[in-house]
Amino acid sequence: MHLDHSHDGPAAVSADARRPDGTRRSLRIGLGGPVGSGKTATVAALCRALRDELSLAVVTNDIYTREDAEFLLREAVLPPERITAVETGACPHTAIRDDISANLEAVEDLEDEVGPLDLILVESGGDNLTATFSRGLVDAQVFVIDVAGGDDIPRKGGPGVTTADLLVINKTDLAPYVGSDLARMSADAKAQRAELPVVLQSLRSADGVREVADWVRGQLTAWTA
Ligand SMILES: Nc1nc2c(ncn2[C@@H]2O[C@H](COP(=O)(O)OP(=O)(O)OP(=O)(O)O)[C@@H](O)[C@H]2O)c(=O)[nH]1
Ligand SMILES: [Mg+2]
């Protein structure tokens, strides 16, 4: 289990923050969470929000397909050479936590081919509440859940909900339709996470990703400090 966790920002947890030539490599942020919670939609919105101010790239993970990368390519959120797909062929958490070699190769290839990059977003395939990224792969991780998955998910905890550097509760626009109590979700999440941040968002609203984009900017400031 890789539950090692720091509250000090990404720079505090990375042993290999520099390339062999001594320059600082890009910040790597992982996005994980249950199937369909809105990880790819959040990645797409982040690319649109940040692409004019940062040099960024994306790695997606799917079990048997390249669907998420193809979606991002269709949406033209970044130039094609900045989007790479990893087909995990097995449980997604294996490829982000246990044998991270394919993902590490993907991020390193992106840096070599389109670098220098400020930021690489790594989207995990949809998985269960125990899935977390190895700190050898990413410097910070976002766990994305959604209101339609049940408003008891934050209370149930699990390492994604309790230890991710940022917890996103997505699809708040659906709360009235599925009977989810947003105040309860928010309070339960905060109780599980002490000082760690929680963002409630709807990507159906204009600028819905603003708070997460601001959090990413803060991580980058800490990374480059
Ligand atoms: N109503 C609503 N729908 C959303 C929101 N965010 C994402 N969706 C929709 O939810 C569905 C799943 O979103 P994805 O971004 O593909 O979810 P994912 O977590 O990447 O899914 P997997 O990679 O398959 O695990 C899509 O139809 C999105 O358009 C939101 O804030 N509100
Ligand atoms: Mg996805």
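A pocket, as the word is used here, is an open set of points on a 1 Å grid over the protein atoms alone, at which a 1.4 Å probe fits and which has protein on both sides within 12 Å along at least five of seven lines. In this predicted model, the largest pocket has a volume of about 310 Å³, and the space it offers is the one taken by ligand 1.

The lining of the largest pocket is made up of 17 residues, and those nearest its centre are A41, N170, S202, L203 and R204. By class, this lining comprises 6 nonpolar, 6 polar and 5 charged residues, and α1 supplies the largest share of it, with 4 residues.

Turning to the ligand itself, 17 residues surround ligand 1, with K39, T40, A41, D173 and L203 the closest. The shell around ligand 1 divides into 4 nonpolar, 7 polar and 6 charged residues, and helix α1, which spans residues 39–50, gives the most to this shell, namely 3 residues.

Three side chains that place a polar atom opposite an atom of ligand 1 are set out below.

| Side chain | Atom of ligand 1 | Distance |
|---|---|---|
| D173 | nitrogen | 2.7 Å |
| D68 | oxygen | 3.0 Å |
| R204 | oxygen | 3.3 Å |

Taken alone, ligand 1 exposes 660 Å², and the protein buries 74% of that area. Among the residues in the table, D173 is also one of the closest to ligand 1, while R204 is one of those that lie nearest the centre of the largest pocket.

Notes:
Residues numbered from 1 in each chain as written. Chains lettered and ligands numbered in written order. Predicted model: local features only at pLDDT ≥ 70, side-chain atom pairs only at ≥ 80, totals over all residues. Heavy atoms only, no water. Near = heavy atom within 4 Å. Polar contact = N/O pair within 3.5 Å; in protein donor to acceptor, adjacent residues only side chain to side chain. Areas by Shrake-Rupley, 256 points an atom, 1.4 Å probe, with all protein chains shown as cover. 1 Å grid on protein atoms, 1.4 Å probe; cavity = no way out; pocket = protein on both sides within 12 Å on 5 of 7 lines; lining within 4 Å. Sits in = over half its atoms within 2 Å of the grid points. Helix = DSSP H or I, 4+ residues; strand = E, 2+ residues; numbered from the N terminus. Nonpolar A, V, L, I, M, F, W, Y, C, P; charged D, E, K, R; others polar. Points joined across faces, edges and corners; volume = space filled by probe spheres on them.
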